[in-house]
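Open the model in your viewer and keep the sequence panel in sight. This tour goes stop by stop, telling you what to select and what is there.

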Amino acid sequence: MKSLLWLVLALAAMVNVATSFAFDGIAQILVSSVTGLTAIAAATALYLTRDRRTV
């Protein structure tokens with residue numbers, strides 16, 4: 001599960017960067033918004049599924 005989340009996070013980040021070169025105007029805003037939300041969701045899921053260590 002974690003490896004899939006890392007893959008989704010990496011792909012979302014790469015697509016988000018690539019949209020600035022590939023799209024213009026409203027299309028760029030829409031695609032960047034979707035990939036940004038996907039990256040935030042994947043990062044949150046990774047944070048919530050981390051191993052908790054007690055000290």
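What follows is a walk through a predicted model, from the overall fold to single residues.

**Stop 1: the whole chain**

Show the cartoon first. The protein has 2 helices and 0 strands. Its radius of gyration is 14 Å, well over the 10 Å that the globule rule gives for 55 residues, so the protein is more spread out than a compact globule. Turn the model along its principal axes: the C-alpha trace spans about 50 × 15 × 15 Å.

Now switch on the surface. About 4,400 Å² is exposed, and carbon and sulfur atoms supply 73% of that area. Buried residues account for 18% of the 55 residues.

**Stop 2: the core between the helices**

Select Leu 5, Leu 9, Ala 12, Ala 39, Ala 42 and Leu 46. These 6 residues form the largest nonpolar core. Which helices supply it? Both α1 and α2 (26-48) do, each with at least two residues.

Stay on Ala 12 and show its surroundings. Beyond residues up to four places away in sequence, Ala 12 touches Thr 35, Thr 38 and Ala 39. Ala 39 is itself a member of the core.

**Stop 3: two buried threonines**

Move to Thr 35, in helix α2. Is Thr 35 buried or exposed? Its relative accessible area is 10%, and under 20% counts as buried, so Thr 35 is buried. Show what surrounds Thr 35. With neighbours within four places in sequence left aside, its contacts are Ala 12, Val 15 and Asn 16. The contact with Ala 12 takes you back to the core of the previous stop.

Next, select Thr 19, in helix α1. Thr 19 is buried too, with a relative accessible area of 2%. Which residues does Thr 19 contact, leaving aside neighbours within four places in sequence? They are Gln 28, Val 31 and Ser 32. Gln 28, Val 31 and Ser 32 fall within α2 (26-48).

**Stop 4: a nonpolar patch on the outside**

Go back to the surface view. Colour Leu 4, Leu 7, Val 8, Leu 11 and Met 14. Together they make a nonpolar surface patch of about 450 Å². Pick out Leu 11, which sits in helix α1 (residues 2-22). Leu 11 has 42% relative accessibility and counts as partly exposed.

**Stop 5: Lys 2 and its salt bridge**

Select Lys 2, in helix α1. Lys 2 is partly exposed, at 34% relative accessible area. Show its contacts. Not counting residues up to four places away in sequence, Lys 2 touches Leu 46, Thr 49, Arg 50 and Asp 51. Leu 46 belongs to the core of Stop 2.

How many salt bridges does a search of the whole structure find? The count is 1. To see it, show the side chains of Lys 2 and Asp 51, which meet at 3.9 Å, N to O. This pair links distant parts of the chain: Lys 2 lies in helix α1 and Asp 51 in the segment after α2, 49 residues apart. Asp 51 counts as exposed, at 61% relative accessibility.

Leave Lys 2 selected and draw a distance to Ile 29. Their C-alpha atoms are 28 Å apart, with the two positions 27 residues apart along the chain. Set that beside the salt bridge partner, 49 residues from Lys 2 in sequence and joined to it at 3.9 Å, N to O.

**Stop 6: Arg 50, past the second helix**

Step to Arg 50, another of the contacts of Lys 2. Arg 50 lies in the segment after α2. Its relative accessible area is 32%, which makes Arg 50 partly exposed. Draw a distance from Arg 50 to Leu 37. The two are 13 residues apart in sequence and 20 Å apart, C-alpha to C-alpha.

**Stop 7: Tyr 47**

Finish on Tyr 47, in helix α2. Is Tyr 47 buried or exposed? Tyr 47 is exposed, with a relative accessible area of 51%. Draw one more distance, from Tyr 47 to Trp 6. Their C-alpha atoms are separated by 11 Å, and the two residues are 41 apart along the chain.

**Looking back**

Show both helices once more. Keep two selections on screen: the 6 core residues, to which α1 and α2 both contribute, and the side chains of Lys 2 and Asp 51 in their salt bridge.

How values were computed:
Residues numbered from 1 in each chain as written. Predicted model: local features only at pLDDT ≥ 70, side-chain atom pairs only at ≥ 80, totals over all residues. Heavy atoms only, no water. Helix = DSSP H or I, 4+ residues; strand = E, 2+ residues; numbered from the N terminus. Rg over C-alpha atoms; globule rule 2.2 N^0.38 Å. Buried < 20%, exposed > 50% of the residue type's maximum accessible area, 1.4 Å probe, protein only. Areas by Shrake-Rupley, 256 points an atom, 1.4 Å probe, with all protein chains shown as cover. Patch = residues over 30% accessible without salt bridge, like charges linked within 9 Å, V, L, I, M, F, W, Y side chains within 5 Å. Salt bridge = Lys/Arg side-chain N within 4 Å of Asp/Glu carboxyl O. Core = buried A, V, L, I, M, F, W, Y, C linked by side-chain atoms within 4.5 Å. Contact = heavy atoms within 4.5 Å.
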